[in-house]
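I opened the model today to look at two things. My notes follow in the order I checked them.

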Amino acid sequence: MRAIGQDEFGGPEVLGVVEVERPVPGPAEVLVRVHAAGVNPTDSWHRATGGLAGAVIRLGWDVSGVVEEVGLGVTTLAPGDEVFGMPRHPLPAGTYAEYVTSPARHLVRKPADLTHEQAAALPLAGLTAWQALVDTADVRPGQRVLIHAAAGGVGHLAVQIAKARGAHVIGTARAAKHEFLRSLGADELVDYTEADFETAVEPVDVVVDTIGGAYGPRSLRALRPGGILVALASPEEARLADTARPLGLRAAFMAVEADQAGMREIAALAEAGLLRPALDTVLPLADAAKAHELADGRRTTGKIVLSVTD
Ligand SMILES: NC(=O)c1ccc[n+]([C@@H]2O[C@H](COP(=O)([O-])OP(=O)(O)OC[C@H]3O[C@@H](n4cnc5c(N)ncnc54)[C@H](OP(=O)(O)O)[C@@H]3O)[C@@H](O)[C@H]2O)c1
């Protein structure tokens, strides 16, 4: 099969098409014929440095496709089922390929009215938003939620999930992206190039921060007493918990993990029309390097997706 491979760490140019053996599903796994694979910042991190694996791996976690074959003991999926998910994360998965294996329970049925490209845009960014807002922050109706980089892959899904939970949603983004974010349900927007968010908005109950650095301590200043900062950009932000505690605040670094329950919630929201991924750019698999160049600019609105079937 065709896949994207690399021989060394480096910039987007190290990525190229390789011919490799089609994987075989193990017990409790399925083989998926990949139709589309989402691109995420962690893919670039792994391409450039080996990331969590510390070695060259086959990139990609987001997948939407069709079950081709099931391994021993799989009872919940059958060949022909349309599925999507984020297999194995934080272990390698390798969805930038024509076929990928996945634990059956890391996948769920693809909502019929989403294309494979749309479905492949949802898992990693959507699970991150779900696990941050719902599992970690336990967002309640009427709470004020501030989402940084609200127009990004995680941000634009977080806006919709927070809205679906009944929250008052505030986002940071450049002014050119405000109309897009209003169309997703954002109630208030801050152009972070013009104003300091911590003074521009009334105190909030929850901050979801995908930017990191100075945004961590600054976001603590935006919280109400008892509020929580969910930091996503860097594990070093785990330290923010110690800064937050004496101030009567909470802070946590969260790492997204494979999660069928979360995928079911995401599929249900999509089926109800409450969660729609925005596709910034769709490129063919062979253009993975071009997709990474675009992603590394960190200016995209919504998601970049690789289309794998011709
Ligand atoms: N911990 C985890 O498990 C986890 C999971 C997923 C992602 N992440 C991390 O979360 C971060 C975001 O991921 P993503 O997929 O959402 O990235 P992305 O799609 O590349 O984000 C791009 C967006 O960021 C916005 N942006 C850049 N700087 C900004 C700033 N200072 N203030 C507000 N918006 C800003 C850009 O909008 P403008 O043009 O308006 O600047 C653009 O729309 C990455 O660092 C990623 O590694 C962590």
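Entry 1, the ligand shell. I looked up which residues surround the ligand in this predicted model. I found 24 of them, and the closest are Lys177, Tyr192, Val256, Arg299 and Thr300. I then sorted the shell by class: 14 residues are nonpolar, six are polar and four are charged.

Entry 2, polar contacts of the ligand. I went through pairs that involve a ligand oxygen. For Lys177, an N or O atom of the side chain is 2.6 Å from an oxygen atom of the ligand. For Arg299, I read 2.6 Å between a polar side-chain atom and a ligand oxygen. At Val154 the partner is a polar backbone atom, with a ligand oxygen 2.9 Å away.

Entry 3, cover and site. I noted that the ligand on its own has 940 Å² of accessible area, of which the protein covers 88%. I also checked where the ligand sits, and that is the largest pocket. Two elements give two or more residues to the shell around the ligand: helix H3 (123-136) and helix H4 (153-164).

Entry 4, Gly80. I turned to a loop next. Which strands does the loop with Gly80 lie between? I traced it from strand E4 (63-70) to strand E5 (82-85). Leaving out residues up to four places away in sequence, I found that Gly80 touches Val66 and Val67. I also took the C-alpha separation of Gly80 and Val66, which is 5.7 Å, with the two residues 14 apart along the chain.

Note on methods: Residues are numbered from 1 along each chain as its sequence is written. This is a predicted model: local features need pLDDT of at least 70, side-chain atom pairs count only at pLDDT 80 or more; totals for chains, interfaces and linings use all residues. Side-chain values use heavy atoms; hydrogens and water are left out. Contact means heavy atoms within 4.5 Å. A residue is near a molecule or strand if one of its heavy atoms lies within 4 Å of it. A polar contact is a pair of N or O atoms within 3.5 Å; within protein, one must be able to donate a hydrogen and the other to accept it, and residues adjacent in sequence count only if both atoms are side-chain atoms. Accessible areas come from the Shrake-Rupley method with a 1.4 Å probe; for residues, only the protein chains shown count as cover. On a 1 Å grid over the protein atoms alone, a cavity is a set of points where a 1.4 Å probe fits but cannot get out, and a pocket is an open set with protein on both sides within 12 Å along at least five of seven lines; lining residues have an atom within 4 Å of a point. A molecule sits in a cavity or pocket if more than half of its atoms lie within 2 Å of its grid points. Ala, Val, Leu, Ile, Met, Phe, Trp, Tyr, Cys and Pro count as nonpolar, Asp, Glu, Lys and Arg as charged, and the others, Gly among them, as polar.
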